[in-house]
Amino acid sequence: AKRHGKNCYRLYAPDMNQRAVERLSMQNNLRLALERKEFVLHYQPQLDVHTNHIIGMEALIRWQHPALGMVSPAQFIPLAEEMGLIVAIGEWVLETACTQNRQWQEQGLPEVSMGVNLSALQFKNSNLHEIVKNVLDQSRLDAGLLDLEITEQIAMDGESSIEILQSIKELGVSISIDDFGTGYSSFKYLKEFPIKTIKIDRSFIKNIHQNEKNRGIVTAIIAMAYTLGLQVLAEGVELAEELDILKEVGCDFYQGYYFSKPLPCEEIQRLLNPPCES
Ligand code: C2E
Ligand code: CA
Ligand code: CA
Ligand code: CA
C-alpha cells in the first residue's frame with residue numbers, strides 16, 4: 001500500500017508541476033505585456049432605451065498574448081490583481097480610454113461618455129484622485145465625459161473609499177455601480193456613495209420577457225433608482241424581446257450584444273460616423 005501511495009503521488013506530480021509552470025509563465029508574460037504593448041481596448045456602445053441613441057461606451061481590455069492569442073479579461077484580471085499589476089494596467093486603461101474619447105471628439109463625432117472599470121486595488125494602492133486628475137489634464141477630456149465603474153467590493157471597503165469617490169466626483173467625473181445585485185450591502189452604499197448610475201447585472205436581464213422573477217427584480221430596482229434620483233442601465237441585452245420589456249418598465253439605458261459586442265476603436269469610429277444619406 002505504501003508503494004502504491006508513493007506511485008500515486010508520482011503520478012500526480014508532473015501534472016501539478018505543469019500547471020505551476022504554466023501559471024508562472026502566464027505571470028511573466030503578464031508582467032511584460034504593458035511594455036510590449038500587448039493590451040488593447042475594445043469599446044461597447046451604451047444606448048438610450050427610448051431613443052436608441054448611443055450615449056456612451058464601456059472600455060473593455062483585451063490581451064493579445066504572444067502564444068495564446070486573445071486572453072479574456074475574466075482570466076487575466078484576477079491574476080493581475082493578485083500580482084498587484086492591476087494598478088499599472090488600470091492606469092493605462094484610464095489614459096488610453098480618455099485619450100481615445102478626446103480623439104473622437106476632435107474628429108467631430110457625437111459626444112459619448114467613456115466608462116472605465118476600476119479594480120478595488122486601485123483605491124487601496126494608488127492615489128486614484130491624483131491619477132484621474134492627471135489623466136484628465138493630459139488627455140484634455142471633459143471630466144463630464146468620464147464615468148468610473150466600481151463594484152460592490154470597492155463600496156464595501158468603507159469610509160476611505162467614500163472620501164476618494166467624493167473627491168473624484170468633485171472633478172466632474174461620474175460614478176456607476178457595476179454588476180448591481182450580485183454583491184453585498186447594495187442599499188448601504190446606494191445611500192452613502194456619490195453614484196449616478198446603477199448598472200443592473202446581466203443575470204437579471206436575461207430572458208426578462210419570460211422570467212417573472214427577473215422582471216420583478218428589475219422593476220423594483222428601477223422604482224428605487226427613480227426615488228433616489230439615479231439612472232439605470234441594463235447590462236447584457238441580447239434580444240429585442242428583452243429590450244421591449246426594458247422600455248415598458250422605464251429603464252434608461254442599455255448595452256449588450258443585441259446592439260453590439262465590444263469593438264475595436266476603428267469600428268466604433270465607423271459606428272459613430274455613419275456615411276451621409278444624400
Ligand atoms: P463587466 O465590467 O461586467 O463587463 C461586461 C462584460 O460582459 C464584458 O465581458 C462584455 O464583453 C460582456 N458582455 C457585454 N454584452 C454582453 C451580452 O449581451 N451578452 C454576454 N453574454 N456578455 C456581454 P469582458 O469584456 O470579457 O470583460 C469581463 C470582465 O472583465 C468585465 O466585466 C470586468 O469585470 C473585467 N474587465 C474588463 N476590462 C477591464 C478593465 O479595463 N479593468 C478592470 N479592472 N476590469 C476589467
Ligand atoms: Ca463594467
Ligand atoms: Ca458589469
Ligand atoms: Ca462583471
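This note sets out numbered points on the predicted model shown above.

1. Basis of the model. The structure is predicted, so local features need pLDDT of at least 70 and side-chain atom pairs count only at pLDDT 80 or more, whereas totals for chains, interfaces and linings use all residues. Residues are numbered from 1 along each chain as its sequence is written, chains are lettered from A and ligands numbered from 1 in the order in which they are written, and side-chain values use heavy atoms, with hydrogens and water left out.

2. Calcium ion (ligand 2). Glu 58 (OE), Asn 117 (OD1), Glu 149 (OE) and Asp 178 (OD) coordinate the calcium ion (ligand 2) at 2.1 to 2.3 Å. Donors are N, O and S atoms within 2.8 Å of the metal (3.2 Å for Na, K and Ca); water is not among the atoms, so sites may look incomplete. Along the chain, the donors of this ion follow the spacing E-x58-N-x31-E-x28-D. Asn 117 belongs to strand E4 (residues 113-117) and Glu 149 to strand E5 (residues 146-150), so the pair ties together parts 32 residues apart in sequence. Helices (H or I, at least four residues) and strands (E, at least two) are DSSP runs, numbered from the N terminus. Glu 149 is buried, at 1% relative accessible area, while Asn 117 is partly exposed, at 28%. Buried means under 20% relative accessible area, exposed over 50%, and partly exposed in between (1.4 Å probe, protein chains only).

3. Calcium ion (ligand 3). The protein donors here are Asp 178 (OD), Asp 179 (OD) and Glu 235 (OE), the last listed twice, at 2.2 to 2.5 Å from the ion. Asp 179 lies in strand E6 (residues 174-180) and Glu 235 in the loop between strand E8 (231-234) and helix H11 (240-248), 56 residues apart. Asp 179 is partly exposed, with a relative accessible area of 27%; Glu 235 is buried, at 11%. Asp 178 bridges this ion and the calcium ion (ligand 2), the two lying 3.9 Å apart.

4. Calcium ion (ligand 4). For the calcium ion (ligand 4), the protein donors are two entries for Asp 179 (OD), at 2.7 to 2.9 Å. This ion is separated from the calcium ion (ligand 2) by 5.9 Å.

5. Salt bridges. A salt bridge is a side-chain nitrogen of Lys or Arg within 4 Å of a carboxyl oxygen of Asp or Glu; by this rule there are nine. One of them joins Glu 58 and Lys 199, whose closest N and O atoms are 2.9 Å apart. Glu 58 is in strand E2 (residues 54-65) and Lys 199 in strand E7 (residues 197-200), 141 residues apart. Both are buried, Glu 58 at 4% relative accessible area and Lys 199 at 1%. Another pairs Glu 82 with Arg 23, at 2.6 Å between the closest N and O atoms. Glu 82 lies in helix H2 (residues 73-83) and Arg 23 in helix H1 (residues 2-33), so this pair ties together parts 59 residues apart in sequence. Here Glu 82 is exposed, at 56%, and Arg 23 partly exposed, at 39%.

6. Helix H3. Helix H3 (residues 86-106) has 21 residues and reaches 30 Å from its first C-alpha to its last. Its buried residues include Ile 86, Val 93, Leu 94 and Trp 104. Gly 108, with a positive phi near 80°, follows H3.

Technical notes: The expected span of a helix is 1.5 Å times one less than its number of residues.
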